[in-house]
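Work through the following exercises with the sequence and the model at hand. Each task is followed by a solution in steps.

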Amino acid sequence: MFSPLPVTVLVSIAALAFISGDATIVHEPVAAAAAPSSDEADSIDGGGGGFSLPLVRRRSTTTTTTMIDVAKEEIQLATAIAAGDKKLLVPLYGRPQGGSTYLVQLRIGTPTDRISPRYVLFDTGSDLSWTQCEPCTNCSSFTPYPPHDPSKSRTFRRLSCFDPMCELCTAVVDGGGGSAGCLFRRRYGDGGAVSGELVSDVFHFGAAGDGGGYQLERDVAFGCAHVEDSKAVRGYSTGILALGIGKPSFVTQLGVDRFSYCIPASEITDDDDDDDEERSASFLRFGSHARMTGKRAPFKQDGSGYAVRLKSVVYQHGGRLNQQQPVPVYVAGEEAAAAMPMLVDSGTTLLWLPGSVFYPLQRRIEEDISLTRRYDLTHPSLYCYLGNMTDVEAVSVTLGFGGGADLELFGTSLFFTDENLTEDWVCLAVAAGNRAILGVYPQRNINVGYDLSTMEIAFDRDQCDRV
């Protein structure tokens with residue numbers, strides 16, 4: 001019934017997926033509710049005008065997807081998508097030997113004891129949160145969790161055609177009945193789509209402790225998906241939490257003026273397999289809890305996403321004793337309009353650069369590392385070499401942004417390894433595309449703060465998994 005509806009391009013899906021290991025859940029202990037101190041107490045209560053949602057880490061023994069598979073998939077999509085406003089939508093997966101998926105846990109509806117928990121990916125490029133809902137006649141089955149059943153919630157309601165959030169209206173909604181209701185539809189760049197009805201219900205964040213109750217409860221308008229075919233539903237994820245720009249965005253509905261996240265680059269080790277709980281400093285922070293440290297770069301709205309001005313790309317090679325002079329690969333003119341827009345997107349995996357910037361950079365890297373290239377005939381745009389991370393540790397690339405902020409990328413923010421072959425490969429986590437995108441892979445171990453009041457993004461390198 002959704003086929004005649006207009007198509008709205010979905011900017012991205014959250015990509016913070018490192019699937020592997022046991023099907024166990026790892027929680028960050030949550031401090032008692034309090035106003036943020038100099039340490040930024042990790043509370044979800046909202047005290048002091050802010051709150052922090054723990055990023056839950058999930059592992060799966062059934063997933064065999066590797067980082068090289070993700071890179072191939074994203075590059076293949078880039079080849080298939082014509083130049084325009086459609087964008088890459090590939091969640092990030094790490095090696096099956098380690099890592100995890102960082103998700104937000106919530107329950108939807110009232111009473112919560114009758115509602116199954118949901119795990120959703122958070123996305124800075126989407127304007128509408130959604131999850132699978134019953135009846136889900138044509139939905140992905142790549143998650144162990146059943147679709148959300150709104151009939152079990154007494155606080156569930158369908159949005160009317162007169163609701164300010166309403167995008168599209170129909171005489172009959174999928175859930176049944178003859179009254180008019182709102183629909184939503186989002187289409188992905190790879191041809192996948194999600195559609196259903198626009199509804200509202202209470203979102204409960206944070207598992208209830210011994211004292212009962214939840215640390216944050218808000219009434220939220222979201223998409224109840226009855227038809228879904230997207231890469232947002234993988235592993236344990238059942239949908240997305242939208243942190244982009246737009247009226248239905250979760251951030252807009254909360255009314256907060258800032259948020260931040262810090263994605264760990266560390267992987268789960270064998271020593272962690274027997275631990276049901278593991279400390280982590282990985283939080284999605286809102287309001288006064290948001291960490292806005294580091295230099296700032298102004299951003300502009302780009303669809304539902306955030307775009308900073310890329311003013312320079314500088315390459316450097318060498319250790320402390322044999323450091324080469326920095327080599328500018330790209331330098332914009334003095335005028336602000338001359339700078340290249342770069343999306344800061346948690347829905348894309350790789351660092352994407354236009355070919356005019358990528359290929360000179362790739363040639364300089366290849367000349368200096370002096371490694372034998374290994375070709376994947378099906379994906380010639382993937383640059384892999386016979387070697388390991390030690391062989392590329394002297395390579396660094398610095399992105400310079402408007403406002404004076406810069407971001408140095410090196411090691412595991414520029415390269416990834418693949419050890420599932422008969423020989424070790426080290427691959428460049430950068431690709432040539434139609435536009436510049438800072439995906440989630442180079443964002444790891446960087447605190448990224450979004451100030452919506454000043455329209456700035458702060459970057460600060462951090463050890464995101466520190467206790």
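**Exercise 1.** Determine the handedness of the disulfide between Cys136 and Cys139 in this predicted model.

*Solution.* Step 1: the sulfur atoms of Cys136 and Cys139 are 1.7 Å apart, and the two residues form a disulfide. Step 2: the angle about the S-S bond is -70°, which gives a left-handed link. Step 3: Cys136 has a relative accessible area of 17%. Because buried means under 20%, Cys136 is classed as buried.

**Exercise 2.** Characterise the disulfide of Cys161 and Cys169 by handedness and by the exposure of its cysteines.

*Solution.* Step 1: the S to S distance between Cys161 and Cys169 is 1.5 Å. Step 2: with 40° about the S-S bond, this link is right-handed. Step 3: Cys161 has a relative accessible area of 27% and is partly exposed; Cys169, at 42%, is partly exposed as well.

**Exercise 3.** Establish which strands are tied together by the disulfide of Cys384 and Cys427.

*Solution.* Step 1: Cys384 is joined to Cys427 with an S to S distance of 2.1 Å, and the angle of 105° about the S-S bond makes the link right-handed. Step 2: Cys384 belongs to strand β20 (residues 384–386) and Cys427 to strand β24, so the pair connects parts that are 43 residues apart in sequence. Step 3: Cys384 is buried at 1% relative accessible area, and Cys427 is buried at 0%.

**Exercise 4.** Locate the edges of the sheet that contains β20 and β24.

*Solution.* Step 1: the open sheet has four strands in the order β19-β20-β24-β23, with antiparallel pairing. Step 2: β19 (373–374) and β23 (415–418) each have a single partner strand, so they stand at the edges, and one side of each lacks a neighbour in the sheet. Step 3: β23 pairs with β24 (residues 425–428) over four bridges, and Asp418 stands opposite Trp425 in β24.

**Exercise 5.** Identify the antiparallel partners of strand β9 and state whether its residues are buried or exposed.

*Solution.* Step 1: β6 (residues 157–158) is joined to β9 by two bridges, and Arg157 stands opposite Ser200. Step 2: β8 (residues 181–187) is joined to β9 by five bridges; Arg186 has Val194 as its bridge partner. Step 3: β10 (residues 216–229) pairs with β9 over 13 bridges, among them the one between His204 and Glu217. Step 4: 13 of the 13 residues of β9 (residues 193–205) are buried.

Note on methods: Residues are numbered from 1 along each chain as its sequence is written. This is a predicted model: local features need pLDDT of at least 70, side-chain atom pairs count only at pLDDT 80 or more; totals for chains, interfaces and linings use all residues. Side-chain values use heavy atoms; hydrogens and water are left out. Two strands pair if DSSP finds at least two bridges between them. Buried means under 20% relative accessible area, exposed over 50%, partly exposed in between (1.4 Å probe, protein chains only). A disulfide is a pair of cysteine sulfur atoms within 2.5 Å.
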